[in-house]
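Welcome, and please open the model in your viewer. This short tour tells you what to select at each stop and what you will find there.

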Amino acid sequence: SPDSNKFSVFSFQRKSNRRWRLHWTTFECESTQKCAEWIENIQRLLNGMKHRPRHLRVFINPFGGKRRASQIYEKDVKPLWELAGILLDETVTQSSEHAPSIVKDMDLREYDGLICVGGDGLFSQVMNSLLTRTQLEAGVNPSRPRFIPARPRIKLGIIPAGSTNAICYSTTGTDDPVTSALR
């Protein structure tokens, strides 16, 4: 807080089984002025990181898996991203075509990434919509033999909250939502 001579720096630590967890270190300064200087300098460094996400579009599938996607997102993931100062635009999907129809028409330049909170189905739907859109915008015809696909200019992430989470596990080695959020 601005009236304190202490501040905390949050990071993550790798724990067993390829899982990461939030970690913090609290520093004590000789004055509130000195704390404010430290915080300002750290914030300036963080803001200068080009690949650090600042704005994410989050799709949450409340129906997939064990119907725990909303709970996992609200309890385990959203607080971490809010702590990092990431702006979040959230959509709780109403059907299997909800997220793909949004991805098809949205302004992707507004976001640093698209995040799927759910299982393999939601991720596949969003990925297919994004890839199809990218090919159309690049003038690539995917029906031609040996076509070279255009690469999307936006990152796509998955927070595992489905039944098997095979995509997440096979690409990261874990199906832990906190680890996925910290990556």
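## Stop one: the sheet

Begin by selecting the open sheet of 4 strands, which is ordered β4-β3-β5-β6 and paired in parallel. Look at its edges: β4 and β6 (155-160) each have a single partner strand, so one side of each has no neighbour in the sheet. From one strand to the next, the twist averages 20°.

Now select strand β5 (residues 113-118) along with β6; these two run parallel and are joined by 6 bridges. For a single example, click on Cys-116, whose bridge partner in β6 is Ile-158.

Next, add helix α2 (residues 69-83), which packs on the sheet and touches β3 (55-60), β4, β5 and β6. The direction of helix α2 makes about 170° with that of β4. Then show helix α3 (residues 98-105), which also packs on the sheet, with contacts to β3, β4 and β5. Here the direction of the helix makes about 150° with that of β3.

## Stop two: how far to trust it

Keep in mind that this is a predicted model. Colour the chain by pLDDT: the average is 90, and 98% of the residues score at least 70. Which elements have the lowest and the highest mean pLDDT? The lowest belongs to β1, at 82, and the highest to strand β4 (residues 87-92), at 98.

## Stop three: aromatic pairs

How many aromatic pairs are there? The count comes to 3. Select Phe-7 and Phe-27: their ring centres are 5.3 Å apart and their planes meet at 25°, so this pair is stacked. Phe-7 sits in strand β1 (residues 6-14) and Phe-27 in strand β2 (residues 20-28), so the pair ties together parts 20 residues apart in sequence. Phe-7 is buried, at 8% relative accessible area, while Phe-27 is partly exposed, at 39%.

Move on to Phe-10 and Trp-24, with ring centres 6.0 Å apart and planes at 45°, so the pair is tilted. Phe-10 lies in strand β1 and Trp-24 in strand β2, so this pair ties together parts 14 residues apart in sequence. Phe-10 is partly exposed, with a relative accessible area of 40%, and Trp-24 is partly exposed too, at 48%.

## Last stop: cysteines

Searching the whole structure gives 0 disulfides. Select Cys-168: the closest cysteine sulfur is in Cys-116, 11 Å away, too far for a bond. Cys-168 is buried, at 0% relative accessibility. Finish with Cys-35, which is buried with a relative accessible area of 2%.

Definitions and conventions. Residues are numbered from 1 along each chain as its sequence is written. This is a predicted model: local features need pLDDT of at least 70, side-chain atom pairs count only at pLDDT 80 or more; totals for chains, interfaces and linings use all residues. Side-chain values use heavy atoms; hydrogens and water are left out. Rings of Phe, Tyr and Trp (its six-membered ring) pair if their centres lie within 6.5 Å; planes under 30 degrees apart count as stacked, over 60 as edge-to-face and the rest as tilted. Buried means under 20% relative accessible area, exposed over 50%, partly exposed in between (1.4 Å probe, protein chains only). A disulfide is a pair of cysteine sulfur atoms within 2.5 Å. pLDDT is the predictor's confidence in each residue, from 0 to 100. Two strands pair if DSSP finds at least two bridges between them. Axes are lines fitted to C-alpha atoms, for helices over the stretch in contact, and angles run from 0 to 180 degrees between N-to-C directions. Contact means heavy atoms within 4.5 Å.
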